[in-house]
Amino acid sequence: MTVPAVLYRGLSKKFGTKMAVDNVTAEIPAGSFFGICGPNGAGKTTLLRMTCGLLRPDAGKVEVAGNDVWVNPVAAKARLGMVPDNPSMFTRLTGRELIEFTGLLRGMKPEMVEERSSNLLRLLDLEDDAGRLVADYSLGMAKKVAIACALLHNPRVLFLDEPFAGIDPVARQVLEETLKRFTAAGGTVAFSDHSMDVVERLCDRLFIIDEGKVVLAGTTAGITNGRRLQEVFVEAVGGSSTEGVDITWLGSISD
Amino acid sequence: MAWLYLRLKARLIRNRLRKAGGWATLAFIGIWSLAFGLGAILGLLGGVVTRLAGGEGAAALFTLAGIAWLVGPVAAAALDETIEPRRLELLPITPTQMSWGLLAASFLGPGALVTILFVLGVVVGASPDWLRLIPALAAGLAFVVWCLASARLVTTLLTDLLRSRAGRDIAVVGAAVLGGGSAFASTFLSNGSGDPLPALAGFGRVSVYLPPGALGRGLVLLAEGEWLIGLGILAYGLAAIAVVMLGWQRSLLRLSTRAPGRAAEPVAKAGHSPLVPRLLSRWPGPQAAIAGKELRYLRRDPRFRSQAVGLAVALAALGLGAGRMLFGTEYSPFLAVIVAWMAASTTGFNQFGFDDHSFWGYLVTGVDLRRVLLGKNLAVVLVGLPGLILVAAVSAVLVADARHLPSAVLAGAAVLAVWLAVGNVVSVLGAYPLPESNLFGSRNVSGSALFASLGGLLAAGVISLPVAALVVVPLLIWGTWQALVGAMLAVIIGLLIHRLSLRVAGALLENRALRLLEVLDRPPV
């Protein structure tokens, strides 16, 4: 039996009285391009942080490539890479220094770190800016360098929190191609995003999370069943309506 | 409009406190109490000086306060962003309305409270009776308005620069130099021949032509019943305020109609990577990589530079007494101990504060967190040890007596080890973020961090004492060789304490890593 890339069993997290993640039980198959969708505040970031060992769950367990993140964190973290939504990095290092630093932190050999850093800088079109401080990078460049840091140790699973938010189409294209190459080679990508078009185009599987609960899960084709993912999503999480609100004044000339 | 801005600022402060919770409320009360106390003391001093030195004294004091208002808000630009003019620029408000509104809101702040209390003291000091108090108060109020308006003008003019990383770098280093410089100045003044009043009056005679100085002089003249000249000077002060207000309104207009400064932010140069970090990156193991990263930060991060510059100047000022005692004697190599103390204090009791939001970068890699601590300590040793050896050697050469050179170097190393050891534990227990956007991070210093730092200072001092005694006692009672043996013993004990601290702090760090992440990732309050 194939070990799933990620396995959630009854994972829960509560902040005060709010259930951020509520008894999530799901699997992310190895080799998949997986979308984690949900409205703002649905619990996506909380779920990803618990998956990567950055937030302790209140209950349940999460495994990455067969390793329990909270029982065997070193083994689990060796198999995952993570890019947060707004990656805060060691910004007083240059792009190259940051990637190399991350590799050395992971205990990789210096020669291997140097070789792979050069490859990733070339792949992500960062070679010309490798000597600039990360503090001076644009958001797109910062996300690219964060992805390079996350890929350097060749993880089994790459987690990305809204990787395409706020970046230009050129950087987006580079990121998409890099991630596709990663999954084509057997890696797993799990990412959260608000753009249903992007999720529909890239992901072969997904789940929709709302108020901490998984409300829909399966293959993208199976979930959409010929409809647009946007429609399915709004239906699943309950879209709001402007009916019943008196806005007759809106757009009328008042002066 | 002014009332609206005052209410807006009060609400913003209230909501910020609600969000921040208990410690922030305590810190808020503490800051306002401190401001009140400082204002009361300055008011008392201002009153006494004015009574003794008259109009020239008041002119000098007002000029100094005016300078403080010009420099202070620039250096601490990120500290008051309660009402950002840029957030109001889409509203149909004219720059004139905005400037008067913002000016009114500026009265609601600890800086304004200090100034008002200080001015009240000067007014009372200058007025022989209650009747003369009222015209003097008018001049005092004009001075407060001058301070607030001129500070606002300067910060608005420099908004783009202060928002850029380069600008913040300049401001933070400038503030450290200024802070250190004032520490030096106060040390020298306190060592001076005595009466500062003649010097102050001399300064007052020169500064009386500047608007704040003129308002000080005018205030005293009005209090003394010299109506004609007093009112004339007050009119000059008011005209100067009008000019500042006009300038501020123009700068607000310019600010709202041009591209944000970010676009024009200069690209920083990383420079050539220094040799030691490059060599360390060839060394396998995370601790070498972390030491290399810390050394790069030391060169590139203004927070390190400001802390280093501020500490260097302040400690030099503090160490003047010790220096005077040691300089020129056979014991001068022991100045190395001060260097060791300075090196250990640079990252001090908050070693993860500079990492702030980036702390997750350690956790996600699964690196052994003890090695992170070791790497940070290694960086301090790589800077501190050559520094203390150099100071000890130069001092020995200057007095042409190298008898105590080895003992001094070893004593410095022992002190370094002990301070780093205590710093490790305190850094884990009392970490707080020092984000770049908030120059001094003072709003993020929770009460627990403050107590932890004080506790750390106390613990380091107490533990250092017996270690230092191992060198000092044999030196004073017996002689050079006995002191050397004592110093060797001190190093061994220092290293043992450091080893123990790595074990304790490492275990604490493993247990508290997520708590630290939460604390360091907390947005500025």
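**View 1. A four-stranded open sheet in chain A****.** In this predicted model, chain A has an open sheet whose four strands run in the order 2-1-4-5, with antiparallel pairing. Look for the edges at strand 2 (18-28) and strand 5 (67-68) of chain A, since each of these pairs on one side only. As general background, strands of a sheet pair through backbone hydrogen bonds, in either a parallel or an antiparallel sense.

**View 2. Strands 1 and 2 of chain A, with a helix on the sheet****.** Strand 1 of chain A covers residues 6-15, and seven bridges join it to strand 2 of chain A in the antiparallel sense. To pick out a matched pair, find Leu11(A): its bridge partner in strand 2 of chain A is Val24(A). Helix 1 (residues 44-51) of chain A packs on this sheet and touches strand 1, strand 2 and strand 4 (59-64) of chain A. The direction of helix 1 of chain A makes about 60° with that of strand 2 of chain A.

**View 3. Two domains of chain A****.** Domain 1 of chain A is made of two stretches, 1-79 and 156-255, while domain 2 spans 87-154. Their C-alpha centres lie 25 Å apart. Where they meet, ten residues of domain 1 of chain A are in contact with ten residues of domain 2 of chain A. On the domain 1 side, helix 6 (residues 169-184) of chain A gives the largest share, five residues. That side has seven nonpolar, two polar and one charged residues.

**View 4. Chain B against chain A****.** Here 26 residues of chain B are in contact with 31 residues of chain A. On the chain B side, the elements giving two or more residues are helix 12 (286-300), helix 16 (360-363) and helix 20 (480-520) of chain B. Helix 12 of chain B gives the most, with six residues. Sorted by class, the chain B side has 14 nonpolar, six polar and six charged residues.

**View 5. The largest nonpolar core, and another one****.** The largest nonpolar core holds 155 residues, and those touching the most other members are Val145(A), Ala148(A), Ala336(B), Ala340(B), Ala411(B), Ala414(B) and Val415(B). Helix 18 (residues 405-429) of chain B supplies the largest share of this core, 19 residues. Zoom in on Ala340(B): setting aside neighbours within four places in sequence, its contacts are Gly384(B), Leu388(B), Gly412(B), Ala413(B), Val415(B) and Leu416(B). Apart from the largest core lies another, of 47 residues, including Ala105(B), Cys147(B), Leu234(B) and Ile241(B).

Methods
Residues are numbered from 1 along each chain as its sequence is written. Chains are lettered from A and ligands numbered from 1 in the order in which they are written. This is a predicted model: local features need pLDDT of at least 70, side-chain atom pairs count only at pLDDT 80 or more; totals for chains, interfaces and linings use all residues. Two residues are in contact if their C-beta atoms, placed from the backbone, lie within 7 Å. Ala, Val, Leu, Ile, Met, Phe, Trp, Tyr, Cys and Pro count as nonpolar, Asp, Glu, Lys and Arg as charged, and the others, Gly among them, as polar. Two strands pair if DSSP finds at least two bridges between them. Axes are lines fitted to C-alpha atoms, for helices over the stretch in contact, and angles run from 0 to 180 degrees between N-to-C directions. A nonpolar core is a set of buried Ala, Val, Leu, Ile, Met, Phe, Trp, Tyr and Cys residues joined through C-beta atoms within 7 Å. A residue is buried if 20 or more other C-beta atoms lie within 10 Å of its own, exposed if 12 or fewer, and partly exposed in between; C-beta atoms are placed from the backbone. Domain bounds come from an automatic or database domain assignment.
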